[in-house]
Amino acid sequence: MKQKLFALSLAVLTAIGLTACGSTAQTAIADSDPLAASAGMSEDFSAQSTAASESASVQEGEAAVIESTVLVDQDGIVITAQELVEDEIWGTGIKFLVQNNSSKNQTIGCDYAVVNNFMMTSLPFGVDVAAGKKSNEILYFSNDVMEGADIQTITDMSFVFRAVDPDTYQTVFTTQEVSLSTSAAGSYEQSVPSDGKELYNENGVRVVGRYVEEDTLWGAGIVLLIENTGESDIILSCDDMSINGFMVSPFFSARVNSGRMALSNITITSSDLEENGIESVEDVEMVFKALNPDNYQTIFETSAISFSVGE
């Protein structure tokens, strides 16, 4: 299945959660010189990635499992990870038992998850649990990220949960990041995608353009691999974007915590492409901006980064 890694606003992300099965044309980002903001960028970015195949200690086809584990026990809310599940449509997920032992109704959601060090954001997970009741719920991971990162075996996961008052929509609490390991932990090393062109590598953030998808449901998408080796969590966005010399309005926002990676997509709408007579994405220019996810203050902003798309 071809990846579709859309990164849109929350409302649009929810809407496109069911649209991962269309057919698109993929074009690699050319290896011509990018006019990047950073100096001294490595042309062979793959040497910076840790790529490893499955260890002999993990048998081929062996499914990782988890033990029933309480991840959250706060203010009367108890969240227990019960098992990993597979669904033909939704893919890989994790089943939770959510118990509300408080005296008030609660809505429980997941701000983000991390699987094998890859961020999973905008998760289709939210459950209303009345006071004194409980619910079994499944959180499914993004098929696009699981396939794009080639996550064959889950070794480690992390989650941030949020409890909200359904009457006032006020946050009751947000957890710290809680972690969970599987039976495959320590016996499998996750590879990092090695295809694409490095576009930026400064301030502890490396951005690799992997390929362009054209004729997607929403228009066109530029698929990025983002690595954050800096000390701060960031939300990466882009601005001042042009395609083939025409200004466009991209949809892109990717949260990448410190020490984590993300696969995300800059989406250009069909209307932008049609209004400018763009039939094929060839030359791209943009500015990346990193924001603090807590206060949305700018951490850094790049100079204009240009690159070409080739066959």
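Here a residue is called buried under 20% relative accessible area, exposed over 50%, and partly exposed in between. With that in hand, Arg162 is easy to place: its relative accessible area is 27%, so Arg162 counts as partly exposed. The structure in question is a predicted model, and Arg162 is a handy way into its charged pairs.

The side chain of Arg162 meets that of Asp111 in a salt bridge, with N and O 2.8 Å apart. Arg162 sits in strand β9 (residues 156–164) and Asp111 in strand β5 (residues 106–115), so this pair ties together parts of the chain that are 51 residues apart in sequence. Asp111 is partly exposed as well, because its relative accessible area comes to 30%. In general, side chains of opposite charge can pair when their charged atoms come close.

The total count is 7 salt bridges. Another of them links Arg255 to Asp233, where the closest N and O atoms are 3.7 Å apart. Here a strand is tied to a loop: Arg255 belongs to β17 (residues 253–256), while Asp233 lies in the loop between β14 (219–228) and β15, so the bridge joins parts 22 residues apart in sequence. As for accessibility, Arg255 has a relative accessible area of 25% and is therefore partly exposed. Asp233, at 28%, is likewise partly exposed. Salt bridges with shared partners also bring Glu198, Arg206 and Glu227 together in one network. Within that network, the side chains of Arg206 and Glu198 meet at 3.7 Å, N to O. Both Arg206 and Glu198 are buried.

Turning to the nonpolar interior, the largest core contains 38 residues. Ile94, Phe96, Phe141, Phe159 and Phe161 have the most contacts inside this core. Ile94 gives a good view of the packing: setting aside residues up to four places away in sequence, Ile94 touches Ile66, Ala81, Glu83, Leu84, Val85, Glu137, Ile138, Leu139, Phe141, Met157, Phe159 and Leu180. A second core, separate from the one around Ile94, has 37 residues, among them Val205, Ile234, Cys238 and Ala254.

On the sheet side, one open sheet is built from 4 strands in the order β2-β3-β4-β8, with antiparallel pairing. Strands β2 (69–74) and β8 (134–140) take the edges; each has a single partner strand, so one side of each is left without a neighbour in the sheet. From one strand to the next, the twist averages 25°. The partner of β8 is β4 (residues 91–100), and the two pair in the antiparallel sense over 7 bridges. Along this pairing, Val98 stands opposite Ser135 in β8.

Last comes Asp240, in strand β15 (residues 234–243). With a relative accessibility of 44%, Asp240 counts as partly exposed, because that value falls between the 20% and 50% cut-offs. Not counting neighbours within four places in sequence, Asp240 is in contact with Met247, Glu285, Met286 and Val287. The C-alpha atom of Asp240 is also separated by 8.2 Å from that of Ala304, a residue 64 positions apart from Asp240 along the chain.

Methods:
Residues numbered from 1 in each chain as written. Predicted model: local features only at pLDDT ≥ 70, side-chain atom pairs only at ≥ 80, totals over all residues. Heavy atoms only, no water. Core = buried A, V, L, I, M, F, W, Y, C linked by side-chain atoms within 4.5 Å. Buried < 20%, exposed > 50% of the residue type's maximum accessible area, 1.4 Å probe, protein only. Contact = heavy atoms within 4.5 Å. Salt bridge = Lys/Arg side-chain N within 4 Å of Asp/Glu carboxyl O. Pairing = 2+ DSSP bridges. Axes fitted to C-alpha atoms, helices over the stretch in contact; angles between N-to-C directions.
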